Every structure is written in C-alpha cells, then in structure tokens.
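Student: I've got a new model open and I'd like to learn how to read it. Could you walk me through it?

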Amino acid sequence: MLKTTKLILAGAALVAVAGCAKKAPEQIPPAPQQSTQPPETTPAPPAQVQTGPVPGSREDFLAKVSADRVLFATDSSDIDSQARSILDSQAAWLNQYPNVRITIEGHADERGTREYNLALGDRRANSAKNYLAAAGVAASRITTISYGKERPEALGSDESAWAQNRRAVTVTLH
C-alpha cells in the first residue's frame with residue numbers, strides 16, 4: 001500500500017507539473033534594435049558670460065555712481081547740492097553692497113601751509129563721511145585720510161587747477 005500511495009502521489013505531481021507548462025506565443029515580438037546614435041540629451045543652458053564690471057567691485061562703483069569725488073569751495077568743507085547728489089548715489093551703491101569698505105581721501109589746493117591744508121583735507125573727508133553715515137552707510141565701514149596739498153589732481157597755479165584739487169575722493173577697498 002505504501003508503494004501504491006507513492007505512485008499515486010508521483011503521478012499527481014507529474015500531472016500538476018505538466019499542467020503548468022507554458023504555451024508558446026503565437027507571434028514572437030521583434031528583438032530590440034540597437035541605435036548607432038547616442039541617446040538624446042537635453043543640452044545644457046549656455047554659460048552665463050559676465051559682461052561689464054563685477055558687481056561690488058571698484059569698477060562697478062565707478063560705473064554706477066555719478067562720481068567718486070566731491071569738490072569744495074575755497075577754505076570750505078561744506079557739502080553743497082552737487083556734492084549731496086554725488087554722495088547720495090554713492091550711499092545707494094554702498095547700501096547695496098554692505099561688505100564693501102571705503103576710504104575717503106581729503107585733499108586741498110596748494111595755497112596755505114602744509115598743516116592748514118592737512119587739517120582742511122581732514123575736515124573735507126569727515127564731511128563726506130558724516131553725510132554717507134547719515135544716509136545709512138555704517139560709519140565703521142568708512143575710514144578717512146587727509147593728504148592736504150600733497151597729492152594734487154591737477155598741476156598748475158590757477159583757479160582751474162585749484163578747483164580740481166579741493167576734493168574728497170571715495171576709494172573702495174577689497
């Protein structure tokens with residue numbers, strides 16, 4: 001009986017396995033074709049080319065502000081309306097770039113003593129500094145120096161040369 005049971009079980013297993021056989025498909029799908037062209041890719045956007053000065057640089061400052069210097073009347077450190085306009089444009093640029101530090105150089109014309117002109121140049125530089133600070137530029141970002149009559153912009157002993165030498169110049173530092 002054991003033998004018969006084994007034969008019945010073996011036959012049932014054989015029938016079960018035979019019943020699970022896959023049928024061949026009626027039509028075989030075509031084999032995948034290999035392309036000789038590389039796969040399509042989306043092209044990278046063109047690299048951004050920097051044109052003009054680097055934002056926040058000395059060149060950018062000079063290009064965007066109305067001037068880097070203000071001029072003064074003889075023996076004066078008063079900020080006039082033209083100087084206010086120039087300093088307003090400098091303040092706007094400086095407030096846009098809060099990490100840029102500046103030095104304001106004070107200058108005088110050749111008339112007067114060395115000591116007098118150093119003091120006058122200092123007053124001019126500080127007038128410009130105080131104006132910029134009042135316009136929102138942190139005073140800690142501004143240093144001043146006076147050159148008096150030692151670094152003239154224009155050489156000559158006439159009103160035209162003297163007018164160019166009575167100035168405060170804003171220099172950006174990096």
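**Reading the model, feature by feature**

Tutor: Let's start with one residue: Thr-172 is buried, with a relative accessible area of 7%. Buried means under 20% relative accessible area, exposed means over 50%, and partly exposed is in between (1.4 Å probe, protein chains only).

Student: What should I know about the model itself?

Tutor: It is a predicted model: local features need pLDDT of at least 70, side-chain atom pairs count only at pLDDT 80 or more, and totals for chains, interfaces and linings use all residues. Residues are numbered from 1 along each chain as its sequence is written, and side-chain values use heavy atoms, with hydrogens and water left out.

Student: Where does Thr-172 lie, and which residues does Thr-172 touch?

Tutor: Thr-172 sits in strand 4. Helices (H or I, at least four residues) and strands (E, at least two) are DSSP runs, numbered from the N terminus. Contact means heavy atoms within 4.5 Å. Not counting residues up to four places away in sequence, Thr-172 touches Arg-58, Phe-61, Trp-93, Val-100, Arg-101 and Ile-102.

Student: How do I read a sheet, and in what order do the strands come here?

Tutor: Strands of a sheet pair through backbone hydrogen bonds, either parallel or antiparallel. Two strands pair if DSSP finds at least two bridges between them. Here 4 strands form an open sheet, ordered 1-4-2-3, with mixed pairing. Strand 1 (69-71) and strand 3 (142-148) are the edge strands, each pairing on one side only.

Student: Which strands pair antiparallel, and over how many bridges?

Tutor: Strand 1 pairs with strand 4 (residues 167-173) in the antiparallel sense over 3 bridges. To find that pairing on screen, look for Leu-71, whose bridge partner in strand 4 is Arg-167. Strand 2 and strand 4 also run antiparallel, joined by 6 bridges. There, Arg-101 has Leu-173 of strand 4 as its bridge partner.

Student: And what joins strand 2 to strand 3?

Tutor: Strand 2 and strand 3 pair in the parallel sense, over 6 bridges. Thr-103 is a handy place to look, with Thr-143 in strand 3 as its bridge partner. Between these strands the chain makes a crossover: strand 2, helix 4 and strand 3 form a right-handed β-α-β unit. Right-handed means that, with the strands pointing away from the viewer, the path from the first strand over the helix to the second runs clockwise.

Student: What lies across strand 2, strand 3 and strand 4?

Tutor: That's helix 4 (residues 114-134), running at about 155 degrees to strand 3. For such angles, axes are lines fitted to C-alpha atoms, for helices over the stretch in contact, and the angles run from 0 to 180 degrees between N-to-C directions. As for strand 2, 6 of its 7 residues are buried.

Student: How can I check the length of helix 4?

Tutor: The expected span of a helix is 1.5 Å times one less than its number of residues. For the 21 residues of helix 4 that should give 30 Å, and the end C-alpha atoms are 30 Å apart, so the two agree. The buried residues of helix 4 include Leu-120, Gly-121, Ala-125 and Leu-132. Their cover includes helix 3, strand 2, strand 3 and strand 4. Just after helix 4, Gly-136 takes a positive phi of about 105 degrees.

Student: How many salt bridges does the structure hold?

Tutor: A salt bridge is a side-chain nitrogen of Lys or Arg within 4 Å of a carboxyl oxygen of Asp or Glu. The structure holds 9 of them. One joins Arg-58 and Asp-68, with the closest N and O atoms 3.2 Å apart. This pair links distant parts of the chain, 10 residues apart: Arg-58 is in helix 2 (residues 58-64), and Asp-68 is in the loop between helix 2 and strand 1.

Student: Are Arg-58 and Asp-68 buried or partly exposed?

Tutor: Arg-58 is partly exposed at 21% relative accessible area, while Asp-68 is buried at 12%. For another pair, try Glu-159 and Arg-166, whose side chains meet in a salt bridge (3.0 Å, N to O). Glu-159 is partly exposed, at 41%, and Arg-166 counts as buried, at 6%. Salt bridges that share partners also join Arg-58, Asp-68, Arg-69, Glu-153 and Arg-167 into one network.
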